[in-house]
Each structure stands twice: as C-alpha cells, then as structure tokens.
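Thank you all for coming; I would like to walk you through one model this morning. Please keep the sequence and the structure in view while I talk.

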Amino acid sequence: MTFPPLRPELAGIEPYGAPQLDVPVQLNVNENPYGPSEECVADIAASAAEAARTLNRYPDRELVALRAALASYLSGDVAGEIAPEQVWAANGSNEVMLQLLQAFGGPGRTALSFAPTYSMYPEYARDTMTAWVAGRREDDFSLDLDRARALVEDVRPHVVLLPSPNNPTGTALPPSAVDELCGAVGDSGIVVVDEAYGEFRRTGVPSALEQLPAHRNLVVTRTMSKAFAAAGLRLGYLAADPAICDAIRVVRLPYHLSAVTQATALAALRHAAELLGKVDELRAERDRTVDWLRDQGFEAADSDANFVLFGRFEDRHAVWKGLLDRGVLIRETGPDGWLRVSIGTGDEMIAFQKALMEVTT
Ligand code: PMP
C-alpha cells in the first residue's frame, strides 16, 4: 500500500497551476497589468480595517451587501435588472464552478464541455466525482451547433460548461449557441456560460446575461480577477435563477467568504470605473497584437479576451523557453504547436514582440 492513501485517480497527479516566476514581463495568467491607484488602495485598506474590528465574529454567511452590490454592477451590463437573489459569490469563479459541480454534478452525473478549453473543467469534474465528456471545437475553435446539440442529446449532461470567451482560444459564443444548448439540455441540467473574460468581448458581442430571462437553466459566471484587475482578491460570482443560488447555498461551506474578502470586494466595486478603466486600452492592444502576429506570418486566433493564442511552432517549448530566457513569461497551453500570450501594457507587448522575433528568426 502506498502512502498517503489517496483516491487512486489522484495518485501521481501534479497540482494545477502555471509556473509563478519572478521575471520582468509576466504575460502568462491573463491578469490585468494595471494595479489600483493610491486612492483606491487607501479606500480598500480602510474597508479592510473596518472588517478587522469585527474579526472575532463570523462574516455574513449570506453575503447580503455584496450580492446587492454585484447585482447592481451587473445590471449596468444588461438591458434588464439583475436582482440580488440571482447572484452568488465565492473565492474566485473557480470556487463558484466547483460549488455548481457539487450541487448539480456528482456520482452518476455528467459534465460536458468542448475542447480545447479551460483545463480546470475536468478537474472540477474529477474532484466532485462527476463523469467528464469533452466534445470537440472546429478547426477555427468555434462550435458547430448541430454537432454540439447532437452530443448534448446523446450524453444528456447535467452540467454544460461553455466559456465565452473561451480559454485558451479567446473565442466568444454567439447568443444562438446559448439558446440552442439551453434548449437541448432542458430542465435536466444547467448550462454554465463562463464569462471570466466577458468584459473584454468585442463590440457587438452581447453578454449571455441578456439571455437569463429566456432560460431558467442558464448560469452566467464572472470574476473580478481579469478585467476588474483584482486577481489577488479571489472573488468570482454568478447570475442565475434564484433557485440555482439557493441550491448552491446547500453545498457551500458556512462562512466561505471571509469578512476581509467581502469588505475588499465591496470597496473594489465602489472603484469599478477606475479598475475597469483600462479595458478599452487592453482590447485595442489585443487587436494590435493579433494583427502584428499575422503580419509576421504567424497564425493568431481571433480573440474576444485579454490574451491571444498563436502559433504554430514545431517545438513550442523551445519558443516558450527562449522568451523566458529574455525575461518574458507566456503560457505553454492549448493545442499542440500553439502558445498563449496575455495582453500586458504597451511596453510589455513591445518586449514580447522583440523577444519573439529574436527567438524565431
Ligand atoms: N474561467 C476561465 C475560463 C478562466 O480562464 C479562469 C482563470 N484562468 C477562471 C474561470 C477562474 O478564475 P478565478 O478563479 O480567478 O475567478
């Protein structure tokens, strides 16, 4: 018998995570490169101090103030109103999704997504003992809706995970895909549209939040880690039918969001305009990066996110390593031959371009 006495399917598995290396140009985990202003830092610090005065008490288990603030923030992104009871939050959208799998997946149940996609999805399934099925995306990383619907009808999944924009390809879904798959899944499952990168979508691409009134099995997840420039905060959230939020409340650990997290998130939301203030600049930098890569003769996937998947390379590891040797850390992920670069500041993107030219010519 080996020690420790792990579940056999976990034996020998490396923990998920990109290398955390101290290099000058960090373009590997799709963070927002712009930190908060001193005024914002001071307000967050004052709110955290206020929370510290009550640290002997457990925090609000139902996140009442935070759910209301998130609902009002989301209502600014859609034509209709999102109500506080439609919102739920946890420590990053990773935890939101794990809670969804705990409530709606589990032994005897199945989760489905379409590869290539976010590599944590099969891990949520594994950790909740949910069967995992991965369909395929087309060569341009879009979804063929007829094939996707046929797969849903065949597998009858309890949870469908649909990132839009998708990681690592940057591909956004049209509203018709959400309608089609919510219809195909019906009341026997939920469809989770993961909008971790939603705020970066190109003009004219609507958020799936707009479709909540049409589908009670639709869940839209968001995060403060990306456009909101608060990855260190660990705050993810969702909008859905209130019955779905109530179901999650059954599986969440009591007091899962600390008083400091709740206070910090509320303070950050008060500074939404500032924290989101670089999104347009990052979208423009992203479009410039796609154009530049194509001009140099590389392939670059169309992107609605704050990263670009590009290639293809015979030996992508050598390219990744060559960039790292020049102080530029990107991500070795996605289909064979491709690499992913997050969008940084203008200067960081110049450093990336320079290093890539040195490594590949
Ligand atoms: N969904 C997608 C598609 C992601 O790429 C990520 C982070 N890389 C997450 C969810 C989770 O982000 P967080 O837990 O920081 O909200």
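Let me begin with a definition: a residue is called buried if 20 or more other C-beta atoms lie within 10 Å of its own, exposed if 12 or fewer do, and partly exposed in between, with C-beta atoms placed from the backbone. By that count Ala 79 is exposed, because it has 9 other C-beta atoms within 10 Å. Ala 79 sits in the loop between helix H2 (64-75) and strand E2 (87-90), where helices (H or I, at least four residues) and strands (E, at least two) are DSSP runs numbered from the N terminus. From Ala 79 to Ile 330 the C-alpha distance is 37 Å, with their positions 251 residues apart in sequence.

I should say at once that this is a predicted model, in which local features need pLDDT of at least 70 and side-chain atom pairs count only at pLDDT 80 or more, whereas totals for chains, interfaces and linings use all residues. Residues are numbered from 1 along each chain as its sequence is written.

Now to Ala 177, which belongs to helix H6 (residues 175-185). Ala 177 is buried, because 21 C-beta neighbours fall inside 10 Å. Leaving aside residues up to four places away in sequence, Ala 177 touches Leu 143 and Leu 145, contact being defined as C-beta atoms, placed from the backbone, within 7 Å. Leu 145 is 32 residues from Ala 177 in sequence, and 6.4 Å separate their C-alpha atoms.

Next, the overall layout. The chain is assigned domain 1 (17-34 + 278-360) and domain 2 (41-271), with bounds that come from an automatic or database domain assignment. Taken over C-alpha atoms, the centres of domain 1 and domain 2 are 26 Å apart. Domain 1 puts 20 residues into the contact and domain 2 puts in 19 residues. On the side of domain 1 that touches domain 2, helix H10 (279-295) and strand E10 (307-311) each supply at least two residues. That side of domain 1 is made up of 9 nonpolar, 6 polar and 5 charged residues, where Ala, Val, Leu, Ile, Met, Phe, Trp, Tyr, Cys and Pro count as nonpolar, Asp, Glu, Lys and Arg as charged, and the others, Gly among them, as polar.

What about the largest nonpolar core, and which residues touch the most other members? A nonpolar core here means a set of buried Ala, Val, Leu, Ile, Met, Phe, Trp, Tyr and Cys residues joined through C-beta atoms within 7 Å. This one has 96 residues, and those touching the most other members are Ala 89, Val 160, Leu 181, Val 191, Val 192, Leu 218 and Val 219. The largest share of this core, 6 residues, is provided by H3. Because domain 1 and domain 2 both give residues to this core, it lies between them. The contacts of Val 219, again beyond four places in sequence, include Leu 100, Leu 238 and Ile 244.

Finally, Lys 226, which UniProt lists in an unreviewed entry as "modified residue: N6-(pyridoxal phosphate)lysine"; such annotations may be inferred rather than shown by experiment, feature names are shortened, and positions follow the numbering used here. Lys 226 lies in the loop between strand E7 (218-223) and strand E8 (236-239). Is Lys 226 buried or exposed? Lys 226 is buried, because 27 other C-beta atoms lie within 10 Å. Beyond four places in sequence, Lys 226 touches Asn 30, Asn 32, Ala 196, Tyr 197 and Asn 306.

Note on methods
Two residues are in contact if their C-beta atoms, placed from the backbone, lie within 7 Å.
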